[in-house]
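Trainee: Could we go through this structure together, one question at a time?
Mentor: Gladly, let us have a look.

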Amino acid sequence: MVTISYNSITINSNLIGLYNANNINVAIAIGKYFKIEDKKIKEAIESYIPTNNRSQLLKKGTNNIILDAYNANPSSMQAAIENFFQLQQTPKTFILGDMFELGNDSKIEHEKIVTLLKNKENIKCFFVGKHFYTNKIENSYLKFYETFEDFQSIIENKIQIMNLYL
């Protein structure tokens, strides 16, 4: 979680990802502009728990899930991936869905994300959507699914198989 220190005050946020430090710094600056006292700025930032599919840390059993899926764009997806690699926990699994509204740059921007991950070790990455699927490469760590339904079907089948052995 991002921690910020300023004016001898430490703020422990509920936001994951170093890229959120800028967001917190802007919130502090706006608070200072409106002459909000430091204690109230600290309380407001520390009490914020994201629920909008951005920088959420979810726990499911023994798994930590970072849900950062709202309106992804190339720079935010790259920042989230780089942050994810900085975390100590292993193994790491990515489920990445298409980025929309990229216009003519869509193919190259999706290709950049695939390229970012193709030489990484000790990961598993599931790319979901037609834009990622058009950049499909052969790599045992990277799996590509043209539709969410294709991905969902594979996952449901694996869960059913796992249940047979429990």
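**A walk through the chain**

Mentor: Let us start with one residue: tyrosine 33 has its place in helix H1, residues 20-33. Keep in mind that this is a predicted model.

Trainee: Is tyrosine 33 buried or exposed?
Mentor: Its relative accessibility is 63%. Exposed means over 50%, so tyrosine 33 counts as exposed.

Trainee: Which residues form a nonpolar patch on the surface?
Mentor: Tyrosine 33, which lies in helix H1, belongs to this patch. Together the members have about 550 Å² of accessible area. They are Val26, Ile30, Tyr33, Phe34 and Ile36.

Trainee: Stepping back, what pattern does the protein chain follow along the sequence?
Mentor: The protein chain has 6 helices and 7 strands. Read along the sequence, they give β-β-α-α-β-β-α-β-α-β-α-β-α.

Trainee: What share of the residues of the protein chain count as buried?
Mentor: Buried means under 20% relative accessible area. The protein chain has 166 residues, and the share that counts as buried is 31%.

Trainee: How much of the exposed area do carbon and sulfur atoms supply?
Mentor: The protein chain exposes about 11300 Å². The C-alpha atoms fill a box of roughly 55 × 45 × 25 Å along the principal axes. Of the exposed area, carbon and sulfur atoms supply 53%.

Trainee: How many Å apart are the centres of the positive and negative side chains?
Mentor: There are 18 positive and 17 negative side chains in the protein chain. The centres of the two sets lie apart by 5 Å.

Trainee: How many salt bridges does the count come to?
Mentor: Side chains of opposite charge can pair when their charged atoms come close. The rule here asks for a side-chain nitrogen of Lys or Arg within 4 Å of a carboxyl oxygen of Asp or Glu. By this rule the number of salt bridges is 3.

Trainee: Which side chain meets aspartate 38 in a salt bridge?
Mentor: Aspartate 38 counts as buried, because its relative accessibility is 18%. Its partner is partly exposed, with a relative accessible area of 37%. The two are joined at 2.8 Å, N to O, and the partner is lysine 32.

Trainee: Which helix holds both lysine 42 and glutamate 46?
Mentor: The side chains of lysine 42 and glutamate 46 meet in a salt bridge of 2.8 Å, N to O. Lysine 42 is partly exposed at 24%, and glutamate 46 is partly exposed at 25%. The two residues are 4 apart, about one turn of the helix, and both lie in helix H2.

Trainee: And for glutamate 109 and lysine 112, what is the N to O distance in the salt bridge?
Mentor: Both residues lie in helix H4, residues 106-118, and they are 3 residues apart, about one turn of the helix. Glutamate 109 is buried, with a relative accessible area of 17%, whereas lysine 112 is partly exposed at 47%. Their side chains meet in a salt bridge, with an N to O distance of 3.5 Å.

Trainee: Where is aspartate 68 found?
Mentor: Its relative accessibility is 28%, so aspartate 68 counts as partly exposed. Along the sequence, aspartate 68 is found in the loop between strand S4 (63-67) and helix H3 (74-86).

Trainee: Leaving aside neighbours within four places in sequence, which residues is aspartate 68 in contact with?
Mentor: Contact here means heavy atoms within 4.5 Å. With those neighbours left aside, the contacts of aspartate 68 are Tyr19, Asn53, Arg54, Ser55 and Ala80.

Trainee: How far apart in space are aspartate 68 and lysine 120?
Mentor: In sequence, aspartate 68 and lysine 120 are 52 residues apart. In space, C-alpha to C-alpha, they are apart by 20 Å.

Trainee: What is the phi of asparagine 7?
Mentor: Asparagine 7 is found in the loop between strand S1 (3-6) and strand S2 (9-12). At 53% relative accessibility, asparagine 7 counts as exposed. Although asparagine 7 is not a glycine, its phi is positive, at about 45 degrees.

Trainee: And what is the phi of serine 8?
Mentor: Serine 8 also lies in the loop between S1 and S2. Serine 8 is exposed, with a relative accessible area of 84%. Serine 8 is not a glycine, yet its phi is positive, at about 65 degrees.

Definitions and conventions
Residues are numbered from 1 along each chain as its sequence is written. This is a predicted model: local features need pLDDT of at least 70, side-chain atom pairs count only at pLDDT 80 or more; totals for chains, interfaces and linings use all residues. Side-chain values use heavy atoms; hydrogens and water are left out. Buried means under 20% relative accessible area, exposed over 50%, partly exposed in between (1.4 Å probe, protein chains only). Accessible areas come from the Shrake-Rupley method with a 1.4 Å probe; for residues, only the protein chains shown count as cover. Lys and Arg count as positive and Asp and Glu as negative; His and the chain ends are not counted. The place of a charge is taken as NZ of Lys, CZ of Arg, CG of Asp or CD of Glu. Patches are made of residues with over 30% relative accessible area and no salt bridge: like charges are joined within 9 Å, nonpolar side chains (Val, Leu, Ile, Met, Phe, Trp, Tyr) within 5 Å.
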